[in-house]
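Work through the exercises below with the structure open. Try each task before reading its solution.

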Amino acid sequence: MEYAVAVNDLTVAYHKKPVLWDIDLEIPSGVLMAIVGPNGAGKSTLIKTMLNMIKPVTGETRFWGEVYEKQRKNIGYVPQRGSVDWDFPTNVLDVVTMGTYGELGWFKRPGKKEKEIAIRALEKVDMLPFADRQISQLSGGQQQRVFLARALVQNADIYFMDEPFQGVDAKTERAIISLLRELRSIGKTVVVVHHDLQTVEEYFDWVTLLNKVIIASGPVEKVFNEENLMKAYKSKVDKLFS
Ligand SMILES: Nc1ncnc2c1ncn2[C@@H]1O[C@H](COP(=O)(O)OP(=O)(O)OP(=O)(O)O)[C@@H](O)[C@H]1O
(Lines give C-alpha, C1' and ligand atoms only; values in the text may rest on other atoms or scores of the structure.)
Protein backbone atom coordinates (compact mmCIF):
# COMPACT_ATOMS: atom_id res chain seq x y z
CA MET A 1 0.00 0.00 0.00
CA GLU A 2 1.29 3.46 -0.85
CA TYR A 3 1.26 5.87 2.05
CA ALA A 4 0.60 9.54 1.48
CA VAL A 5 1.68 10.29 5.03
CA ALA A 6 3.85 8.45 7.50
CA VAL A 7 4.24 9.86 11.00
CA ASN A 8 6.99 8.31 13.02
CA ASP A 9 7.48 8.48 16.79
CA LEU A 10 6.00 11.96 17.17
CA THR A 11 5.84 13.58 20.59
CA VAL A 12 4.65 17.17 20.97
CA ALA A 13 4.63 19.37 24.06
CA TYR A 14 3.41 22.87 24.92
CA HIS A 15 5.55 24.48 27.63
CA LYS A 16 7.18 21.12 28.34
CA LYS A 17 3.81 19.45 28.93
CA PRO A 18 3.33 16.66 26.36
CA VAL A 19 0.02 16.75 24.48
CA LEU A 20 0.81 14.04 21.92
CA TRP A 21 2.75 10.91 22.81
CA ASP A 22 4.65 8.52 20.55
CA ILE A 23 2.43 8.97 17.54
CA ASP A 24 2.95 6.47 14.73
CA LEU A 25 0.45 6.93 11.94
CA GLU A 26 0.19 5.92 8.32
CA ILE A 27 -2.35 7.43 5.96
CA PRO A 28 -2.85 5.57 2.65
CA SER A 29 -3.16 7.60 -0.54
CA GLY A 30 -6.71 8.22 -1.71
CA VAL A 31 -8.61 7.87 1.56
CA LEU A 32 -11.14 10.26 3.05
CA MET A 33 -10.06 10.14 6.67
CA ALA A 34 -11.48 11.56 9.90
CA ILE A 35 -9.42 12.33 12.96
CA VAL A 36 -11.73 12.04 15.96
CA GLY A 37 -11.21 12.30 19.68
CA PRO A 38 -12.47 14.31 22.67
CA ASN A 39 -11.81 18.02 23.23
CA GLY A 40 -8.16 18.63 23.91
CA ALA A 41 -7.14 15.23 22.47
CA GLY A 42 -4.52 16.92 20.30
CA LYS A 43 -6.23 16.68 16.90
CA SER A 44 -5.35 20.20 15.73
CA THR A 45 -1.90 19.90 17.24
CA LEU A 46 -1.31 16.70 15.28
CA ILE A 47 -2.23 18.32 11.98
CA LYS A 48 -0.22 21.46 12.69
CA THR A 49 2.82 19.43 13.67
CA MET A 50 2.59 17.29 10.54
CA LEU A 51 2.47 20.53 8.52
CA ASN A 52 5.54 22.02 10.18
CA MET A 53 3.69 24.74 12.09
CA ILE A 54 4.70 23.24 15.44
CA LYS A 55 8.08 21.74 16.15
CA PRO A 56 7.83 18.31 17.79
CA VAL A 57 9.96 17.19 20.70
CA THR A 58 10.76 14.00 18.81
CA GLY A 59 9.70 12.36 15.58
CA GLU A 60 9.03 13.27 11.99
CA THR A 61 6.40 13.24 9.26
CA ARG A 62 6.98 12.15 5.67
CA PHE A 63 4.76 12.86 2.69
CA TRP A 64 5.24 10.25 -0.02
CA GLY A 65 8.54 9.51 1.65
CA GLU A 66 9.72 13.11 1.69
CA VAL A 67 9.88 15.90 4.23
CA TYR A 68 7.20 18.61 4.25
CA GLU A 69 9.34 21.26 2.54
CA LYS A 70 9.83 19.02 -0.49
CA GLN A 71 6.11 18.32 -0.86
CA ARG A 72 4.72 21.67 0.28
CA LYS A 73 3.08 22.45 -3.05
CA ASN A 74 1.16 19.18 -2.96
CA ILE A 75 -0.22 19.77 0.51
CA GLY A 76 -3.33 21.89 1.15
CA TYR A 77 -4.49 23.12 4.54
CA VAL A 78 -7.85 24.54 5.58
CA PRO A 79 -7.43 25.91 9.12
CA GLN A 80 -10.13 26.23 11.75
CA ARG A 81 -12.31 29.15 10.86
CA GLY A 82 -11.87 30.73 14.29
CA SER A 83 -8.11 30.88 13.87
CA VAL A 84 -8.26 33.36 11.00
CA ASP A 85 -8.50 37.16 11.08
CA TRP A 86 -11.70 37.72 9.11
CA ASP A 87 -11.50 41.50 9.58
CA PHE A 88 -8.59 41.64 7.17
CA PRO A 89 -9.76 44.02 4.43
CA THR A 90 -9.88 41.87 1.33
CA ASN A 91 -12.55 40.41 -0.89
CA VAL A 92 -13.55 36.83 -1.59
CA LEU A 93 -12.03 36.60 -5.07
CA ASP A 94 -8.66 37.87 -3.84
CA VAL A 95 -8.55 35.39 -0.96
CA VAL A 96 -9.15 32.51 -3.37
CA THR A 97 -6.77 33.88 -6.01
CA MET A 98 -4.07 34.05 -3.34
CA GLY A 99 -4.38 30.27 -3.10
CA THR A 100 -2.64 30.03 -6.46
CA TYR A 101 0.49 31.78 -5.14
CA GLY A 102 2.09 28.46 -4.22
CA GLU A 103 2.33 27.63 -7.89
CA LEU A 104 3.23 31.14 -9.02
CA GLY A 105 6.09 31.82 -6.68
CA TRP A 106 6.27 35.05 -4.72
CA PHE A 107 7.42 37.45 -7.38
CA LYS A 108 4.79 36.94 -10.04
CA ARG A 109 1.46 38.67 -9.61
CA PRO A 110 -1.65 36.63 -10.33
CA GLY A 111 -3.01 37.38 -13.77
CA LYS A 112 -6.04 36.50 -15.83
CA LYS A 113 -5.40 32.77 -15.74
CA GLU A 114 -5.21 32.67 -11.94
CA LYS A 115 -8.36 34.77 -11.62
CA GLU A 116 -10.19 32.36 -13.92
CA ILE A 117 -9.07 29.38 -11.85
CA ALA A 118 -10.30 31.17 -8.72
CA ILE A 119 -13.65 31.98 -10.35
CA ARG A 120 -14.15 28.33 -11.31
CA ALA A 121 -13.42 27.25 -7.73
CA LEU A 122 -15.90 29.81 -6.37
CA GLU A 123 -18.49 28.47 -8.78
CA LYS A 124 -17.86 24.98 -7.48
CA VAL A 125 -18.62 25.98 -3.90
CA ASP A 126 -21.58 28.15 -4.90
CA MET A 127 -19.88 31.38 -3.86
CA LEU A 128 -19.40 33.17 -7.15
CA PRO A 129 -22.18 35.70 -6.41
CA PHE A 130 -20.08 36.79 -3.42
CA ALA A 131 -16.81 37.27 -5.32
CA ASP A 132 -16.63 41.02 -4.62
CA ARG A 133 -17.83 40.80 -1.04
CA GLN A 134 -15.47 41.68 1.83
CA ILE A 135 -14.64 38.51 3.75
CA SER A 136 -15.66 40.20 7.03
CA GLN A 137 -19.23 40.27 5.72
CA LEU A 138 -19.64 36.52 5.24
CA SER A 139 -21.52 34.02 7.37
CA GLY A 140 -19.64 31.11 8.95
CA GLY A 141 -20.72 28.66 6.27
CA GLN A 142 -19.76 31.09 3.52
CA GLN A 143 -16.33 31.60 5.07
CA GLN A 144 -15.84 27.86 5.12
CA ARG A 145 -16.75 27.61 1.44
CA VAL A 146 -14.27 30.36 0.57
CA PHE A 147 -11.57 28.42 2.39
CA LEU A 148 -12.43 25.30 0.44
CA ALA A 149 -12.30 27.19 -2.85
CA ARG A 150 -8.91 28.53 -1.87
CA ALA A 151 -7.67 25.03 -1.13
CA LEU A 152 -9.07 23.75 -4.43
CA VAL A 153 -7.14 26.25 -6.55
CA GLN A 154 -3.94 25.05 -4.98
CA ASN A 155 -4.59 21.72 -6.70
CA ALA A 156 -2.85 19.78 -3.95
CA ASP A 157 -2.65 15.99 -3.68
CA ILE A 158 -3.52 15.90 -0.01
CA TYR A 159 -5.80 18.20 1.97
CA PHE A 160 -5.86 18.71 5.72
CA MET A 161 -9.01 20.36 7.05
CA ASP A 162 -9.54 21.36 10.65
CA GLU A 163 -13.25 21.02 11.46
CA PRO A 164 -14.69 22.18 8.13
CA PHE A 165 -18.24 21.42 9.29
CA GLN A 166 -18.08 23.55 12.40
CA GLY A 167 -20.82 26.17 12.48
CA VAL A 168 -22.17 25.49 8.99
CA ASP A 169 -25.79 24.76 8.10
CA ALA A 170 -27.01 21.39 6.81
CA LYS A 171 -26.93 22.51 3.18
CA THR A 172 -23.32 23.68 3.42
CA GLU A 173 -22.37 20.48 5.21
CA ARG A 174 -23.78 18.45 2.32
CA ALA A 175 -21.99 20.66 -0.20
CA ILE A 176 -18.70 20.23 1.63
CA ILE A 177 -18.97 16.47 1.95
CA SER A 178 -19.83 16.07 -1.70
CA LEU A 179 -16.79 18.16 -2.59
CA LEU A 180 -14.58 16.01 -0.35
CA ARG A 181 -15.94 12.89 -2.03
CA GLU A 182 -15.23 14.41 -5.40
CA LEU A 183 -11.64 15.06 -4.36
CA ARG A 184 -11.31 11.44 -3.25
CA SER A 185 -12.80 10.22 -6.54
CA ILE A 186 -10.00 11.91 -8.45
CA GLY A 187 -7.39 10.28 -6.26
CA LYS A 188 -6.76 13.00 -3.67
CA THR A 189 -6.23 12.19 -0.02
CA VAL A 190 -8.35 14.15 2.45
CA VAL A 191 -7.75 14.32 6.21
CA VAL A 192 -10.45 15.98 8.30
CA VAL A 193 -10.58 16.82 12.00
CA HIS A 194 -14.15 15.87 12.77
CA HIS A 195 -16.37 16.24 15.81
CA ASP A 196 -19.60 14.49 14.97
CA LEU A 197 -19.31 10.79 15.75
CA GLN A 198 -22.76 10.16 14.27
CA THR A 199 -21.61 10.91 10.73
CA VAL A 200 -18.22 9.18 10.73
CA GLU A 201 -19.51 5.97 9.13
CA GLU A 202 -21.48 7.83 6.47
CA TYR A 203 -18.81 10.36 5.48
CA PHE A 204 -15.45 8.63 5.85
CA ASP A 205 -13.74 5.44 4.78
CA TRP A 206 -10.74 5.75 7.11
CA VAL A 207 -10.56 6.96 10.69
CA THR A 208 -8.00 7.73 13.37
CA LEU A 209 -9.11 7.77 16.98
CA LEU A 210 -6.86 9.99 19.02
CA ASN A 211 -6.56 10.89 22.65
CA LYS A 212 -3.00 12.08 23.20
CA VAL A 213 -1.96 8.68 21.83
CA ILE A 214 -3.30 6.86 18.80
CA ILE A 215 -6.12 4.63 20.04
CA ALA A 216 -6.72 3.06 16.62
CA SER A 217 -6.35 3.92 12.95
CA GLY A 218 -7.65 2.13 9.88
CA PRO A 219 -10.74 1.42 7.77
CA VAL A 220 -13.89 2.75 9.43
CA GLU A 221 -15.64 -0.65 9.39
CA LYS A 222 -12.69 -2.19 11.20
CA VAL A 223 -11.70 0.35 13.85
CA PHE A 224 -14.74 2.53 14.48
CA ASN A 225 -16.26 0.29 17.12
CA GLU A 226 -17.47 0.52 20.68
CA GLU A 227 -14.28 -0.80 22.21
CA ASN A 228 -12.05 1.79 20.55
CA LEU A 229 -14.52 4.60 21.10
CA MET A 230 -14.70 3.65 24.76
CA LYS A 231 -10.93 3.88 24.99
CA ALA A 232 -10.89 7.28 23.29
CA TYR A 233 -13.90 8.87 24.97
CA LYS A 234 -14.39 6.79 28.09
CA SER A 235 -17.82 7.48 29.52
CA LYS A 236 -19.24 9.47 26.63
CA VAL A 237 -19.65 6.38 24.45
CA ASP A 238 -22.70 4.83 26.11
CA LYS A 239 -24.89 7.53 24.62
CA LEU A 240 -23.78 6.89 21.04
CA PHE A 241 -24.61 3.19 21.13
CA SER A 242 -27.80 3.40 23.17
N1 LIG B 1 -0.67 27.14 21.77
C2 LIG B 1 -0.89 26.34 22.83
N3 LIG B 1 -0.23 26.55 23.98
C4 LIG B 1 -0.42 25.73 25.07
N5 LIG B 1 -1.27 24.69 25.08
C6 LIG B 1 -1.97 24.45 23.96
C7 LIG B 1 -1.82 25.25 22.77
N8 LIG B 1 -2.64 24.77 21.81
C9 LIG B 1 -3.27 23.71 22.36
N10 LIG B 1 -2.87 23.51 23.63
C11 LIG B 1 -3.32 22.41 24.54
O12 LIG B 1 -2.95 21.19 23.93
C13 LIG B 1 -3.97 20.21 24.05
C14 LIG B 1 -4.40 19.74 22.66
O15 LIG B 1 -5.05 20.81 21.98
P16 LIG B 1 -5.61 20.69 20.49
O17 LIG B 1 -6.20 21.99 20.11
O18 LIG B 1 -4.60 20.09 19.62
O19 LIG B 1 -6.77 19.60 20.73
P20 LIG B 1 -8.03 19.26 19.82
O21 LIG B 1 -8.18 17.77 19.91
O22 LIG B 1 -7.88 19.84 18.48
O23 LIG B 1 -9.18 19.96 20.66
P24 LIG B 1 -10.64 20.48 20.21
O25 LIG B 1 -11.40 19.30 19.77
O26 LIG B 1 -11.15 21.05 21.51
O27 LIG B 1 -10.42 21.52 19.15
C28 LIG B 1 -5.08 20.87 24.85
O29 LIG B 1 -4.92 20.50 26.21
C30 LIG B 1 -4.83 22.35 24.66
O31 LIG B 1 -5.30 23.06 25.78
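The exercises go from the whole chain to helix pairs and then to single residues. The model is a predicted one.

**Exercise 1. Overall build**

Task: State how many helices and strands the chain has, and decide how its radius of gyration compares with the globule rule.

Solution:
- Step 1. Count the elements. The chain holds eleven helices and nine strands.
- Step 2. Apply the rule. For 242 residues the globule rule gives 18 Å, and the radius of gyration of the chain is 18 Å. The two values are close, so the chain is as compact as a globular protein of that length.
- Step 3. Add the extents. The C-alpha trace spans about 50 × 40 × 35 Å along its principal axes.
- Step 4. Check burial. Of the 242 residues, 39% count as buried.
- Step 5. Check contact range. Take the contacts between residues at least 6 apart in sequence: 67% of them join residues at least 24 apart.

**Exercise 2. Helices α5 and α6**

Task: Classify the packing of α5 against α6 by angle, by handedness and by residue class.

Solution:
- Step 1. Locate the pair. Helix α5 covers residues 112–124 and helix α6 covers residues 140–154.
- Step 2. Read the geometry. Their axes come within 9 Å and cross at roughly 135°.
- Step 3. Name the angle. Roughly parallel needs under 35 degrees, roughly antiparallel over 145, and roughly perpendicular 65 to 115; the rest is oblique. The crossing angle therefore makes α5 oblique to α6.
- Step 4. Give the hand. The crossing of α5 and α6 is right-handed.
- Step 5. List the partners. From α5 come I117, A118, A121, L122 and K124; from α6 come A149, L152 and V153.
- Step 6. Sort them by class. This contact has seven nonpolar residues, no polar ones and one charged one.

**Exercise 3. Helices α6 and α7**

Task: Repeat the analysis for the axes of α6 and α7.

Solution:
- Step 1. Helix α7 spans residues 170–185. Its axis and that of α6 come within 10 Å and cross at roughly 15°.
- Step 2. Angles under 35 degrees count as roughly parallel. The helices α6 and α7 are therefore roughly parallel to each other.
- Step 3. The crossing of α6 and α7 is left-handed.
- Step 4. On the α6 side, G141, Q144, R145 and L148 take part; they meet T172, I176 and L179 in α7.
- Step 5. By class, the contact of α6 with α7 has three nonpolar, three polar and one charged residues.

**Exercise 4. Positive phi**

Task: Place D9 and K212 in the fold, then decide whether each is buried or exposed.

Solution:
- Step 1. Take D9. Its phi is positive, about 60°, although D9 is not a glycine. D9 is found in strand β1, residues 3–14.
- Step 2. Count its neighbours. D9 has 11 C-beta neighbours inside 10 Å, so D9 counts as exposed.
- Step 3. Take K212. Its phi is about 70°, again positive in a residue that is not a glycine. K212 is found in the loop between β8 (206–211) and β9 (213–219).
- Step 4. Count again. K212 has 20 other C-beta atoms within 10 Å, so K212 is buried.

**Exercise 5. Helix α1**

Task: Which residues of α1 are buried?

Solution:
- Step 1. Helix α1 covers residues 43–50, and six of its eight residues are buried. The helix is mostly covered.
- Step 2. The buried residues of α1 are K43, T45, L46, I47, T49 and M50.
- Step 3. Look past the helix. N52 follows α1, and N52 has a positive phi near 70°.

Notes:
Residues are numbered from 1 along each chain as its sequence is written. This is a predicted model: local features need pLDDT of at least 70, side-chain atom pairs count only at pLDDT 80 or more; totals for chains, interfaces and linings use all residues. Helices (H or I, at least four residues) and strands (E, at least two) are DSSP runs, numbered from the N terminus. The radius of gyration is taken over C-alpha atoms; the globule rule is 2.2 Å times the number of residues to the power 0.38. A residue is buried if 20 or more other C-beta atoms lie within 10 Å of its own, exposed if 12 or fewer, and partly exposed in between; C-beta atoms are placed from the backbone. Two residues are in contact if their C-beta atoms, placed from the backbone, lie within 7 Å. Axes are lines fitted to C-alpha atoms, for helices over the stretch in contact, and angles run from 0 to 180 degrees between N-to-C directions. A crossing is left-handed if the near helix is turned anticlockwise from the far one by less than a right angle, and right-handed if clockwise. Ala, Val, Leu, Ile, Met, Phe, Trp, Tyr, Cys and Pro count as nonpolar, Asp, Glu, Lys and Arg as charged, and the others, Gly among them, as polar.
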